[in-house]
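This report describes selected features of the structure shown below. It treats one helix first, then the fold of one chain, and lastly the contact between two chains.

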Amino acid sequence: MRKLLLAGLTLIIGILFISRLFQLQVVNTTYQRLSDNNAILEISDYPERGFIYDRNGKLLVANQAAYDIMIIPENVIPFDTLSFCELTGVSKERLIKSLKKARRYSKRLPSVIVNQISKETYATLQEQMWKYEGFFIQKKSLRDYRIGFGANVLGYVSEVNNNDLKYDDYYQQGELIGRQGIEKSYENELRGEKGKRFLQKDRFNRIIGEYKNKTFDVEPKVAKDINLTLDALLQEYGEYLMQNKRGGIVAIEPSTGEILALVSAPSYNPNLLVGRNRSKNYRKLAQDTLAKPLFDRGLQALYPPGSPFKTLNALIALQEGVITPETQFKCNKGHFYARGAFMECHCRRGSRNDLLKGIYQSCNTYFANTYKKIINKYDTPDKGVNQWNSHLKSFGLGNYLGYDLSVGKRGFIPNAAYYNSWYKEGGWKAPTIISNAIGQGEVLTTPIQLANFTAAIANRGYYYTPHFLRSVSGDSIKQKFLRKNTSIDPEHFEVVIDGMHKVVEKGTARIARIKGIEVCGKTGTAENFTKIDGVRTQLTDHSIFIAFAPKEDPKIAIAVFIENGYWGGRWAAPIASLMLEQYINKEVKRSWLEKRMVEGSLATEYEKPYSGKPFTINE
Amino acid sequence: MKNPIRGNRLQSMNKSLYRLDWITIILYLALVSFGLMNIYSTNFNENSSIFNFKIPVGKQFLFFMVSLFVGVLILITKAKFFERFASIFYLLTILSLVGLFLFGKNISGATSWYSFGSIGLQPSEFAKVATALAVAKYLSEIQVNVKKLKSLLQVGLIIALPMILIILQPDPGTALVFGAFFFVLFREGLNSIFLLLLFGLIFFFILTLVTPIPFVFASIITLLIALYFFSKKLNKKASLLPYLALIVVSCSYVYSVDYIFNNIFEQRHRDRFNIILGKEVDTQGIGYNINQSKIAIGSGGWEGKGFLQGTQTKGRFVPEQHTDYIFSTIGEEWGFYGSAAVILVFCFLIIRILYRAENLKNNFARIYGHGLAAILFLHFFINIGMSLGLVPTIGIPLPFISYGGSSLLGFSCLLFIFLNLDANRLNE
């Protein structure tokens with residue numbers, strides 16, 4: 001027995017050890033995971049975010065290097081805080097606070113102490129870094145907006161939030177994602193695809209080299225550069241003209257659907273949403289609930305289209321065969337469209353207008369009668385309204401246009417079902433909905449929809465889905481944005497276009513005339529209401545203008561919308577005209593008009609309703 | 001017939017070479033080489049080379065060569081030499097241990113080293129050899145009988161003297177290894193009471209640490225009183241006295257364990273036990289080593305990550321990995337297969353030594369063989385047990401594998417002396 005004690009014990013211990021090994025190495029897999037967390041650092045290798053150019057190759061958005069001052073608390077030795085604060089421009093209190101925070105977070109891992117110092121600070125600091133043991137500078141890449149305009153189109157990038165992380169497992173905490181505008185729409189192209197690098201760590205979390213000779217590393221995919229359809233000069237000019245006014249400008253190249261300018265006023269400098277003060281600036285912009293600088297009026301604002309809508313009613317009536325260009329209606333400063341219901345018009349008493357004159361005089365009576373004919377063409381108003389609705393839908397109204405930015409509104413074009421739910425069935429007739437004839441009533445459109453149907457008129461019957469993307473890294477993308485035909489035959493357009501030409505030549509928008517260019521346009525003045533403290537209040541009319549030029553082979557179609565701008569010819573028409581001149585002639589000769597537009601301000605008009613005092617509109 | 005003595009000598013040399021336990025030698029070479037590979041891996045970088053004598057693997061290789069040389073010297077020495085000079089070796093060792101207090105070099109808190117330039121020697125490693133020889137020599141003397149108190153005290157003194165000197169360095173881990181001689185004494189006839197006592201001490205020690213003291217007291221008393229009544233049934237004359245004495249002794253032992261643990265141990269000592277006993281979960285402070293060692297071993301899986309591929313090893317997550325925690329590298333890079341193989345080789349080696357020792361007619365050789373096996377066993381048990389998180393942290397090397405020149409040389413001497421004794425078993 002005694003001989004066997006040690007041998008037996010050896011056997012028992014051997015078996016015990018091997019079973020323990022089996023448990024640690026084979027049964028329990030958590031150790032493998034712990035080991036990987038421990039010793040392997042997976043870091044992402046980001047490609048540089050793609051650049052954004054305008055249609056002429058002008059660089060709009062690039063990247064800039066930013067520098068964060070980092071520390072590893074355990075390596076920090078006492079340093080001259082005073083000179084450090086002077087160098088970096090950080091207050092001593094803040095420095096102490098961030099040092100404490102870093103220490104609390106981790107003694108061995110790096111933390112940001114001062115974020116996004118300027119290049120100048122970086123330059124001076126770099127020479128003095130040796131004085132600050134445990135500090136180092138980490139470079140990162142920020143967006144660099146080379147222009148101070150176009151914020152609503154370009155959008156911005158920001159750190160991913162929990163929602164993004166939930167819906168797309170590409171992203172990880174702390175990464176950037178395109179949040180608005182082009183940055184969002186073309187996120188996948190602009191970001192490229194991050195690669196992976198596996199690094200080997202030691203027990204102090206220091207990097208000691210590549211893991212397995214990069215066998216598992218994934219190379220990042222290079223990001224793509226984007227050319228926009230935007231004309232930077234036109235966009236900048238539009239924002240310049242729109243200062244101190246609220247509204248939108250949308251300019252489209254009719255032959256392609258390329259958006260040349262999308263102005264929303266007021267806007268902001270895109271560089272406000274980059275860098276150190278990003279969140280502070282964003283909060284300021286988001287909190288301005290009256291001017292709403294983050295709200296893209298060109299895409300999102302719903303307005304009654306007003307008189308420009310008459311051009312569409314004319315086209316529908318011609319297509320439906322209920323009028324001819326020669327059809328005339330009498331106007332006596334308006335007319336009774338139903339018993340006891342009078343619609344005013346600014347035509348002289350005893351006018352007899354044909355279609356051409358109806359358009360350029362913007363005769364309400366003419367279009368009220370035309371509209372009645374459209375609705376009454378069929379045996380029930382239901383069918384008439386639905387037919388009218390489907391023609392308008394073919395112009396892209398009442399629905400999303402399908403452009404490549406993520407914000408927008410459908411607008412609204414009523415149909416029979418809508419009216420049947422409002423009035424009891426059969427309780428409405430053409431006169432009930434007569435306001436639609438002149439672009440008031442239930443119809444709502446966004447400025448881009450106005451510009452789009454203007455382009456369709458300019459094209460004599462079709463449009464291309466409006467869009468912002470011209471090419472990606474040099475590859476054109478034409479087939480993505482398709483041609484759409486309207487339900488109006490081309491021959492009906494000429495008379496309407498002639499009418500629009502006359503509007504500028506001798507009608508309501510003579511101020512929009514440009515020497516040497518045949519401009520076609522249509523003014524609009526739209527009544528509008530808002531709720532102030534729960535009371536429906538009428539505000540000063542909106543100023544609207546749609547136009548395209550030149551008349552033959554149009555290069556640009558434009559819609560301008562100025563909130564509370566009194567009437568179409570006062571603000572919208574001159575601004576549109578200046579834009580056309582700028583785009584076609586590349587220079588503006590009418591500096592007196594430009595000056596008037598730039599210096600003109602509607603600020604007091606916007607303050608009136610909120611001043612708390614009684615106010616008059618359209619004074 | 002011309003020169004019978006010389007002829008006999010040659011003949012016997014040939015025969016002993018023939019009788020040499022080549023299997024053990026092969027296992028020895030395999031373990032040391034495997035150790036070198038793992039030491040190489042723990043300190044691997046671009047200038048790693050076993051011929052770079054400034055880095056651990058190079059030093060270890062150098063000591064390996066020295067060990068082989070010394071091993072051959074030992075093998076060609078006459079077997080009687082070791083028995084005859086055992087006392088001298090022992091005396092020299094004791095002197096060298098004493099000399100440490102005058103000339104020793106203090107490395108991380110313990111004065112265990114003589115320093116010769118970049119190479120240090122640790123006499124406590126050689127003390128194991130000398131003590132093994134001395135114990136074997138003493139116990140093999142005719143008049144000695146471990147059943148007698150006098151002999152027991154004398155052999156206890158032989159063992160305790162180096163132990164005390166080593167504790168004073170202080171290097172309690174190495175001192176603990178001398179406890180291995182308990183197995184030798186037991187084999188040579190030590191009263192079984194001592195074995196029971198040893199297991200009892202260990203059992204109550206652990207019990208005291210994991211359960212509240214009143215509960216331990218209560219269970220001791222109940223157990224012994226029950227035993228008393230049981231023995232009373234068998235034998236009416238059974239006396240209560242020894243049982244009462246036993247209760248008093250046990251309880252005072254338990255109480256003193258509790259007292260020592262809580263009042264004399266330093267916190268770091270307490271922590272070592274608490275972590276193993278699962279009373280504390282601490283992966284950053286004292287538990288860091290054990291936790292990292294377990295992660296390294298556990299991440300090895302069946303096949304391991306491969307030679308030089310251990311991420312834990314490369315990241316130096318396990319402190320002292322090339323010395324006391326070398327087994328974690330083996331576990332990580334060689335997986336279950338590799339580390340289980342190492343355990344099997346050790347078990348086989350220990351049992352083989354015991355088996356061959358039992359077959360020796362010569363008492364000195366047999367007792368020495370037991371001493372060798374017991375020392376190997378204790379190192380094997382404590383070192384691997386510690387790496388696996390089964391035994392509290394006690395810093396002693398894994399024989400033949402851990403980095404450490406003195407340790408390698410010491411174990412090589414231990415082994416080669418036995419090989420010599422074993423090979424010359426018929427030359428008495």
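What should the 25 residues of helix α4 (residues 79-103) of chain B span at 1.5 Å a residue, and how far apart are its end C-alpha atoms?

## Basis of the description

This is a predicted model, in which local features need pLDDT of at least 70 and side-chain atom pairs count only at pLDDT 80 or more, while totals for chains, interfaces and linings use all residues. Residues are numbered from 1 along each chain as its sequence is written, and chains are lettered from A and ligands numbered from 1 in the order in which they are written.

Helices (H or I, at least four residues) and strands (E, at least two) are DSSP runs, numbered from the N terminus.

## Helix α4 of chain B

The expected span of α4(B) is 36 Å, taken as 1.5 Å times one less than the number of residues. The end C-alpha atoms of α4(B) are 33 Å apart, which agrees. The helix bends by about 55 degrees at F85(B); the bend is the angle between axes fitted to the seven residues ending at a residue and the seven starting there.

Buried residues of α4(B) include F82(B), F89(B), Y90(B) and L97(B). A residue is buried if 20 or more other C-beta atoms, placed from the backbone, lie within 10 Å of its own. Among the elements that cover the buried residues of α4(B) are α5 (123-139) and α17 (405-423) of chain B. Contact here requires C-beta atoms, placed from the backbone, within 7 Å.

## Fold of chain A

Chain A has 22 helices and 23 strands, and 41% of its 619 residues count as buried.

An open sheet of five strands in chain A follows the order β12-β11-β23-β22-β21, with antiparallel pairing; two strands pair if DSSP finds at least two bridges between them. β12 (258-265) and β21 (520-532) of chain A stand at the edges with a single partner strand each, so one side of each has no neighbour in the sheet. Within the sheet, β11 (residues 247-253) and β23 (residues 556-562) of chain A pair over six bridges, and I249(A) stands opposite V560(A) in β23(A).

## Contact between chains A and B

The contact takes 30 residues from chain A and 37 residues from chain B. On the side of chain A, α1(A) gives the largest share, 15 residues. By class, this side has 16 nonpolar, eight polar and six charged residues. Ala, Val, Leu, Ile, Met, Phe, Trp, Tyr, Cys and Pro count as nonpolar, Asp, Glu, Lys and Arg as charged, and the others, Gly among them, as polar.

Key:
Contact = placed C-beta atoms within 7 Å. Buried ≥ 20, exposed ≤ 12 C-beta atoms within 10 Å, placed from the backbone.
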